[in-house]
Amino acid sequence: SLDPEAPEGAAEHLDLALLSDCDLHWAPEGYPSLAVSLRRLSGVFRVELREASNGTQHNLSSGVLPAPLPMQGRPLPLVMDLVVEVSDLVVHMSTGAAMAANIAAGFGEHRRSLAVHAKGLNLHLQKEQEAVEPPLGREPVARSILRLRAELLSLAEVGRPDWAVSGSGLALRQVVAVPPLDIDLRTLRPPFGLPTTFELVRASLRADATAAAAATQGGGGANAIVVSVDDSLLEFVQVLAAELSDEFSVDIEHASAPAHAQVCGDVAAEEARLHGSAPCCGSRGSAAAGSRRGADALPPIAGEEFRYLFLADLCLAALPLRVDLQISKPVFLSFTGLALTFPEVRLTDVATTGFVLGQELIAHCIAFLLLNSPVLLGSCDLLGNPVQAYRHLHSGISDLLQRPLREGVVSFASHLSSASLASVSAVSDSLRRNLPSAPAASPSGAAAAAAAAEAAGAGP
């Protein structure tokens, strides 16, 4: 309203519906014509009023008048495309030193490594940005679009000591295997200090993979995401991450010093103005921040202390998992053939901080695991893994009813014996690993025992 005392419905009032981006022309009586721009960025509706006759080249003490922001969803003029297609790729990542856990376990100095296998990979990266000529009077809006398509993504552990394997005693174990996958990510970087907007975050398995996984009792089929993790692998990943960080390290402290100094100077100047005290970050930073900011400059809307995330559209499809997990500390606990399907997650127009979003996702996962606690406990080897025994019996009875009599009886007997022996083996192995090991005899104790035996043999 240009005149709050004007009657309702007069030309001095303008009603705006905060629904979508739009451009309006407002011609109130007795006032110059105004161009009204309504834009939604990072969950915030921004209303800009400009004199329609002056355009965008009206000079201010801080520069030209900021140009109208682009409408949501419209493509930006400057575009850069990068497309990477890989038919079949294998990458090995190894540590420079042997694992201390392997040496302590008596496996020797075996150097383990990780192998990444990508098949049918298509990566499309697109960058969009506004043109800076003529001057915009603000930071240009930029958009990043990432599309990932893959037929297979696999992570395997190479060189794991396994003396049950003939030959070198080294085994190849699959850690993660992902079936055909589609990922779409679209982010927008707005001006005026607003945080990055996630316009679209979408991850899903192919339709045929999802249907096949749903038909195999909770995602336990070949098209589920396979995960196999133990303590030794986690320790190895930590060693590998440390070596990669040292190899490709960047001086982040010096690189982020200017930005940190600016934020610290702004906060210190504001505290000094409110409390009438000296700035906590030094007067140099405050003076520099004050000199950079003119009298008519547009201040940033959000500082580093109030950064939040805005998710316009987040869609994570149902995720079928098949997990093998081993935990050795503080007690040995293992899960074999754990089949779970995380339900679909859909969020729209969410504005929150990263900490709150992480806490909510963790709470969502914990609630899901509590609801599926019967399946979780049924896959525990310490309890005999009844879920795996049920799968064997289900397959045996199905073969007995569907196959010819001879083949059905043989299959049923095989599955029945596998179910019973696997349960007994799982319980006994878990108990054995949880029992305290016998202390090793010290050299002095062994020598004393040998001397005592020799003295006993030399007696009458």
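Strand β16 is mostly tucked away in this predicted model: seven of its ten residues are buried. Its partner is β15, and the two run antiparallel, joined by eight bridges. They make a hairpin, with five residues sitting between the strands. Within that pairing, leucine 321 stands opposite leucine 340 of β16.

Both of these leucines turn up again in the largest nonpolar core, a set of twelve residues. Alongside Leu321 and Leu340, the core takes in Val178, Leu181, Leu205, Ile225, Val227, Val229, Val323, Leu338, Phe342 and Phe368. Three strands contribute at least two residues each, namely β13 (225-229), β15 (319-327) and β16 (333-342). Such grouping fits a familiar pattern: in soluble globular proteins, nonpolar side chains tend to be buried together. There is also a second core, separate from the first, with ten residues, among them Phe192, Leu194, Tyr308 and Phe310.

The two phenylalanines of the largest core deserve a word of their own. The structure holds one aromatic pair, and it is made by phenylalanine 342 and phenylalanine 368, whose ring centres lie 4.4 Å apart. The ring planes meet at 35°, so the pair counts as tilted, stacked being reserved for planes under 30 degrees apart and edge-to-face for those over 60. Phenylalanine 342 belongs to β16 and phenylalanine 368 to helix α7 (residues 354-371), so the contact ties together parts that are 26 residues apart in sequence. Both phenylalanines are buried.

The hairpin also helps to cover helix α9. Five residues of α9 are buried, and these are Val387, Ala389, Arg391, Gly396 and Asp399. What covers them includes β15 and β16, together with α8 (373-378) and α10 (405-434). As for its geometry, α9 (residues 386-402) has 17 residues, and at 1.5 Å a residue it should span 24 Å; the C-alpha atoms at its ends are 24 Å apart, so the length agrees with expectation.

Elsewhere in the chain, three strands build an open sheet in the order β1-β2-β3, with antiparallel pairing. The edges are β1 (22-26) and β3 (44-51), each of which pairs on one side only. Direction aside, neighbouring strands here are turned by 20° against each other on average. The pairing of β1 with β2 (residues 34-41) is antiparallel and runs over five bridges, and leucine 24 stands opposite valine 36 of β2.

Note on methods
Residues are numbered from 1 along each chain as its sequence is written. This is a predicted model: local features need pLDDT of at least 70, side-chain atom pairs count only at pLDDT 80 or more; totals for chains, interfaces and linings use all residues. Side-chain values use heavy atoms; hydrogens and water are left out. A nonpolar core is a set of buried Ala, Val, Leu, Ile, Met, Phe, Trp, Tyr and Cys residues joined through side-chain atoms within 4.5 Å. Buried means under 20% relative accessible area, exposed over 50%, partly exposed in between (1.4 Å probe, protein chains only). Helices (H or I, at least four residues) and strands (E, at least two) are DSSP runs, numbered from the N terminus. Two strands pair if DSSP finds at least two bridges between them. Axes are lines fitted to C-alpha atoms, for helices over the stretch in contact, and angles run from 0 to 180 degrees between N-to-C directions. The expected span of a helix is 1.5 Å times one less than its number of residues. Contact means heavy atoms within 4.5 Å. Rings of Phe, Tyr and Trp (its six-membered ring) pair if their centres lie within 6.5 Å; planes under 30 degrees apart count as stacked, over 60 as edge-to-face and the rest as tilted.
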